[in-house]
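Me: Please take a close look at a single part of this structure and explain it step by step. I am in my first year, so keep the wording plain.

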Amino acid sequence: MKAQMKFQKWLCLAMIIVGALALLYAFCYMSGSLSELGQSINIRPNGHESAFKAASGKNDALLYEEMQPFNTMMMYFGIAMILLAVVLYITACNKRRNYYVTNYVATGLCAGGNIIMSVVCLIMNIHWRSEFLNVDFEAWDTFYQNRLSAQLITEADVHFGDSTAWFDLGFAVYAIVIVASILLILNMVWKIMLMKGEKQLLSNGVVTGGETV
């Protein structure tokens, strides 16, 4: 039981850490190549427009603005993951020797909620990664090269990037959240097995001591 209690202590802390990791990732999501894309948007009196014209069927710089709601959703999900992890502490899942209804509910909400939110983010991240790869990079690059040739801008004014690194990082981040959530469920199963074992020993007249509930 001691090994399991030590494991649950560190696992509850890990749930807060992975939630914070998901929130941090959401804050950084629109950086890198997406940030460069956003800087290729011109603000006009009658609205925003892409600095380069994309070919038919391709995306232009306005994709950056289209992705904002997804980024906001990821931020809310990250906050929710942290709050669900806090519930584990409120119900003493991190230190309780015997689990009760509140512990099962807290564990189920935290693990289940994290898995659902992570799967949603993974699916949508795949979609938006595909949309980003459908940007007309050739038109984007040509736009800057033409302005450079005309000496209208300098190299420092060029904002171009086609890296998918931040998209790809999301697959690792949410995979970590899912793995941690599965471990939380397995920890609960481990706890249940140990509790049943202790009850069996007590019913057989074996006295165990040392720790209190």
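Reply: A helix here is a DSSP run of H or I with at least four residues, and helices are numbered from the N terminus. The model is a predicted one. The part to look at is helix 4, together with what lies around it.

Helix 4 covers residues 68–90. Its 23 residues, at 1.5 Å each, should span 33 Å, and the end C-alpha atoms are 33 Å apart, so the expected and the computed span agree. Ala92, which has a positive phi near 60°, follows helix 4.

Next, the buried side. The buried residues of helix 4 are Phe70, Asn71, Met74, Phe77, Gly78, Met81, Leu84, Ala85 and Leu88. An α-helix has 3.6 residues a turn, so residues three or four places apart point the same way. Helix 1, helix 5 and helix 7 are among what covers the buried residues of helix 4.

Helix 4 also gives two or more residues to the largest nonpolar core, as do helix 1, helix 2, helix 5, helix 6 and helix 7. This core has 49 residues, and Tyr29 and Leu37 touch the most other members. Helix 7 supplies the largest share, nine residues. Leaving out residues up to four places away in sequence, Tyr29 touches Phe70, Asn71 and Met74, and its other contacts include Met67, Trp128 and Trp166. Phe70, Asn71 and Met74 are buried residues of helix 4.

Helix 1 can be read in the same manner. For its 27 residues the expected span is 39 Å, and its end C-alpha atoms are 39 Å apart, so these agree too. Its buried residues include Met5, Gln8 and Cys12. Helix 4, helix 5 and helix 7 are among what covers the buried residues of helix 1.

Asn94 lies in the loop between helix 4 and helix 5. It has 14% relative accessibility, and the cut-off for buried is under 20%, so Asn94 counts as buried. Apart from residues up to four places away in sequence, Asn94 touches Met5, Gln8, Lys9, Cys12, Leu88 and Tyr89.

For contrast, turn to the surface. Ile182 lies in helix 7, and because its relative accessibility is 41%, it counts as partly exposed. Phe7, Val179, Ile182, Leu183, Leu186 and Trp190 form a nonpolar surface patch with about 500 Å² of accessible area together. Helix 7 gives the most to this patch, five residues.

Methods. Residues are numbered from 1 along each chain as its sequence is written. This is a predicted model: local features need pLDDT of at least 70, side-chain atom pairs count only at pLDDT 80 or more; totals for chains, interfaces and linings use all residues. Side-chain values use heavy atoms; hydrogens and water are left out. A nonpolar core is a set of buried Ala, Val, Leu, Ile, Met, Phe, Trp, Tyr and Cys residues joined through side-chain atoms within 4.5 Å. Buried means under 20% relative accessible area, exposed over 50%, partly exposed in between (1.4 Å probe, protein chains only). Contact means heavy atoms within 4.5 Å. The expected span of a helix is 1.5 Å times one less than its number of residues. Patches are made of residues with over 30% relative accessible area and no salt bridge: like charges are joined within 9 Å, nonpolar side chains (Val, Leu, Ile, Met, Phe, Trp, Tyr) within 5 Å. Accessible areas come from the Shrake-Rupley method with a 1.4 Å probe; for residues, only the protein chains shown count as cover. A salt bridge is a side-chain nitrogen of Lys or Arg within 4 Å of a carboxyl oxygen of Asp or Glu.
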